[in-house]
Amino acid sequence: MTGVTGIFTIGWLYPDLMNIYGDRGNILTLLKRAEWRGMTAQVKEIQRGKVDDLGDVDVFFFGGGQDREQALIYDDLKTYKQEQLQNAVKDGAQILAVCGGYQLLGHYYQTADGERYDGIGLIDVTTQAGKKRFIGDVVILTDIEGLQPSTLVGFENHSGRTFLGSQAKPLGKVVHGNGNNGSDKTEGVRQNNVIGTYMHGSLLPKNPHLADYLISESLKRRGDGALSHLDDSAELAAHGWILQRAQRR
Ligand code: GLN
């Protein structure tokens, strides 16, 4: 991995408002796994309002939030972040968006009371909240090339039902849980260097292979993106534990 030098930058969107169910663990995982490979890693907190150039960000993280928090940020996202995020992913940066963040990267999120929060249309998905919340463990099978194990595990808690348009493909197939909408067995999305998912928990500590995928993909614009091997026995034991628990339920 000697080719990759310089600073590895994580862009954290709305850390004060869109950050629930352990989402911060995703930031810590990306930071640590970059540092364990000898990179200097930093977090750029991206709050509301006009922002400076985000061209140096390698991986963006956009966490979840209740309807109230989404109402506070969706207009800001459209006004001040949309263009920069579109340019960043075009340039090879990666975005990981969870639940409420995932929903607002789509075309819109409509609450159970019929209020519509416009999204930025970076991914071809729409979301409409239902009356019943989907809560519990989630296990999916993903077809991300070379990802081992091919399972991803997490925890969902959402009222939104998300449907994928023709431009978007799912992150994976639901083995346990509800996923996007509780009916079509899809979970999450993959499109334009964006990964969206309903999996909180937090996601990356129990799925180190997905964390490395995001880091490696984001570094390809600087070199081959190859990462040295790490001992993930503890992380994968936690992964396996959720698999077993889900099978028991
Ligand atoms: N408010 C959204 C919903 O209920 C997102 C919730 C979340 O981020 N966990 O679906």
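**Exercise 1.** In this predicted model, state where Y14 lies and whether Y14 is buried or exposed.

Solution. Step 1: Y14 sits in the loop between β1 and α1. Step 2: its backbone has phi near 50°, a positive value in a residue other than glycine. Step 3: the relative accessibility of Y14 is 0%. Buried means under 20%, so Y14 counts as buried.

Y21 can be treated in the same steps. Y21 is placed in the loop between β1 and α1, and phi of Y21 is near 50°, again positive in a residue other than glycine. With a relative accessible area of 29%, Y21 is partly exposed.

**Exercise 2.** Find the cis peptide bonds that end at P149 and S202, and place both residues in the fold.

Solution. Step 1: the bond from Q148 to P149 is cis, with omega near -5°. P149 belongs to the loop between β7 and β8 (151–164). Step 2: the bond from G201 to S202 is cis as well, with omega near 15°. S202 belongs to the loop between β12 and α4.

**Exercise 3.** Describe the open sheet of six strands and the helices α2 and α4 that lie on it.

Solution. Step 1: the strand order is β2-β1-β3-β4-β12-β11, and the pairing is mixed. Step 2: β2 (40–46) and β11 (189–191) are the edge strands, each pairing on one side only. Step 3: from one strand to the next the twist averages 15°. Step 4: take one pair inside this order. Strands β4 (residues 94–98) and β12 (residues 194–197) run parallel and are joined by four bridges; I95 stands opposite V194 in β12. Step 5: add the helices. Helix α2 (residues 67–90) lies across β1 (7–13), β2, β3 (59–62), β4 and β12, and runs at about 155° to β3. Helix α4 packs on the sheet, touching β1, β3, β4, β11 and β12, and its direction makes about 150° with that of β4.

**Exercise 4.** Compare the length of α1 with the expected span, then list its buried residues and their packing partners.

Solution. Step 1: α1 has twelve residues, and at 1.5 Å a residue 16 Å is expected. From first to last C-alpha α1 reaches 17 Å, close to that value. Step 2: the buried residues are G25, N26, I27, T29, L30, L31, R33 and A34. Step 3: these buried residues pack against β1, β2, β3, α4 and α5.

**Exercise 5.** Which partner does R33 have in a salt bridge, and which partners does D137 have?

Solution. Step 1: the whole structure holds 14 salt bridges. Step 2: R33 pairs with D232, the closest N and O atoms being 2.9 Å apart. R33 lies in helix α1 (residues 24–35) and D232 in the loop between α4 (208–219) and α5 (233–248), 199 residues apart. Both R33 and D232 are buried.

Step 3: D137 forms a salt bridge with R245, the closest N and O atoms being 2.8 Å apart. R245 lies in helix α5 and D137 in strand β7 (residues 125–142), so this pair ties together parts 108 residues apart in sequence. R245 is partly exposed at 22% relative accessibility, whereas D137 is buried at 6%.

Step 4: D137 also meets R249 in a salt bridge of 3.4 Å, N to O. R249 lies in the segment after α5, 112 residues from D137, and is exposed, with a relative accessible area of 64%. Step 5: salt bridges that share partners join R33, R37, D212 and D232 into one network.

Definitions and conventions. Residues are numbered from 1 along each chain as its sequence is written. This is a predicted model: local features need pLDDT of at least 70, side-chain atom pairs count only at pLDDT 80 or more; totals for chains, interfaces and linings use all residues. Side-chain values use heavy atoms; hydrogens and water are left out. A salt bridge is a side-chain nitrogen of Lys or Arg within 4 Å of a carboxyl oxygen of Asp or Glu. Helices (H or I, at least four residues) and strands (E, at least two) are DSSP runs, numbered from the N terminus. Buried means under 20% relative accessible area, exposed over 50%, partly exposed in between (1.4 Å probe, protein chains only). Two strands pair if DSSP finds at least two bridges between them. Axes are lines fitted to C-alpha atoms, for helices over the stretch in contact, and angles run from 0 to 180 degrees between N-to-C directions. Contact means heavy atoms within 4.5 Å. The expected span of a helix is 1.5 Å times one less than its number of residues.
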